[in-house]
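Hi,

Here's the structure I promised to pass on. Have a look through it first, and then my notes below should be easier to follow.

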Amino acid sequence: MITEIARPLPHGITLTCRVAGEPGRPVLLFMHGFPEAAFIWDELLEHFARPENGGYRCVAPFLRGFGPSDSPAEAEAYRAKHLVQDIAALIAIESPGAPLAALVAHDWGGAVAWSVANQHPALMQRLCIINSPHAGAFLRELQKNPAQQAASRYMHFLCRPDAEALLAADDFKRMFAMFNDPQGQPPAWMTAEERAKYHAVWAKGLKGGCNYYRASPMRPPLSADDPVNQLQFPREMLMVHVPTLVMWGMADPALLPALLDGLPDWVPDLRVVPIEGASHWVVQEQPQRVTRELAQFLLSK
């Protein structure tokens with residue numbers, strides 16, 4: 001059974017988490033992206049909490065800025081150092097004295113998870129990333145690949161000061177359209193029940209979600225002298241030394257397959273699983289495949 005609990009963190013932020021499984025068991029921590037919420041992981045939480053599937057303690061926070069979790073107003077509060085601090089503090093509470101069995105993350109959750117794994121590798125035994133680019137690969141593609149630059153152009157829209165109002169207009173018409181297929185049709189998994197869940201989370205406010213984009217220096221250059229073209233990361237900020245599984249929906253229109261190129265240079269213990277025909281929303285589209293791949297990864301040596 002999944003319940004929701006509020007977790008006050010030592011630095012003054014409270015994250016609300018969906019949890020399943022017995023406290024004291026090895027912990028799986030799941031992190032969602034934009035414009036999603038913690039409930040996207042419910043099927044995986046229920047699966048991995050069962051004794052026959054490992055009996056894990058499964059925790060899925062609503063990230064800072066989403067749903068019932070705290071949502072600071074200023075964009076500065078969504079810089080990477082604050083997001084990493086949230087997750088490191090949550091791990092210390094949920095898995096005291098032991099590393100996570102795995103940190104599992106999608107989209108913006110994955111961007112934070114890459115940084116947590118880089119800065120705090122002792123907090124986890126394994127890392128699983130789903131359609132979320134490594135910072136080194138994303139910066140390279142934003143600087144050099146016109147196709148990825150075009151695919152990421154939407155980021156500038158989300159940085160507009162009126163983005164929240166535009167996204168909420170017509171009962172969140174633009175938000176729901178983010179999930180549509182290339183023909184503009186809503187996906188089969190977006191049932192009336194799922195639609196109501198998203199609507200309820202978005203109705204609590206969209207400013208936090210948009211602030212992730214406003215706080216990040218990573219977006220397509222608008223000119224030759226755009227600051228992103230001069231941006232560089234020290235190699236030590238890009239290295240991940242925990243065993244890592246990357247699952248990638250290969251039909252993701254926003255994050256192109258070239259983002260997988262070069263990953264072994266930064267992630268020496270790496271397994272990449274391309275999922276053909278799946279879009280950015282692979283967790284919703286193919287939950288059984290995602291569950292199976294994660295289960296195999298948890299049992300691997």
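One to start with: which residue in β7 is the bridge partner of leucine 127? It's threonine 244. Keep in mind that this is a predicted model.

That pair belongs to a longer match: β6 (residues 127-130) and β7 (residues 244-249) run parallel and share 4 bridges. Both strands sit in an open sheet of 8 strands with mixed pairing, ordered β1-β2-β4-β3-β5-β6-β7-β8. The edges are β1 (3-8) and β8 (270-275); each has a single partner strand, so one side of each has no neighbour in the sheet. On average, neighbouring strands are turned by 20 degrees against each other, ignoring direction. Helix α12 (residues 287-299) lies across β3, β5, β6, β7 and β8, at about 165 degrees to β7.

Leu127 turns up again in the largest nonpolar core, which has 103 residues: along with Phe30 and Trp41, Leu127 touches the most other members. Leaving out residues up to four places away in sequence, Phe30 touches a whole list of residues, including Trp41, Leu44, Phe48, Cys58, Val104 and Leu294.

Since Cys58 is on that list, you may wonder about disulfides. There are 0 in the structure. Cysteine 17 is in none, and the nearest cysteine sulfur to it, that of cysteine 58, is 12 Å away. Why no bond for cysteine 58? Because its closest cysteine sulfur, in cysteine 17, is 12 Å off, which is too far. Cysteine 17 counts as buried because its relative accessibility is 0%, and cysteine 58 is also buried at 0%.

Cheers

Key. Residues are numbered from 1 along each chain as its sequence is written. This is a predicted model: local features need pLDDT of at least 70, side-chain atom pairs count only at pLDDT 80 or more; totals for chains, interfaces and linings use all residues. Side-chain values use heavy atoms; hydrogens and water are left out. A nonpolar core is a set of buried Ala, Val, Leu, Ile, Met, Phe, Trp, Tyr and Cys residues joined through side-chain atoms within 4.5 Å. Buried means under 20% relative accessible area, exposed over 50%, partly exposed in between (1.4 Å probe, protein chains only). Contact means heavy atoms within 4.5 Å. A disulfide is a pair of cysteine sulfur atoms within 2.5 Å. Two strands pair if DSSP finds at least two bridges between them. Helices (H or I, at least four residues) and strands (E, at least two) are DSSP runs, numbered from the N terminus. Axes are lines fitted to C-alpha atoms, for helices over the stretch in contact, and angles run from 0 to 180 degrees between N-to-C directions.
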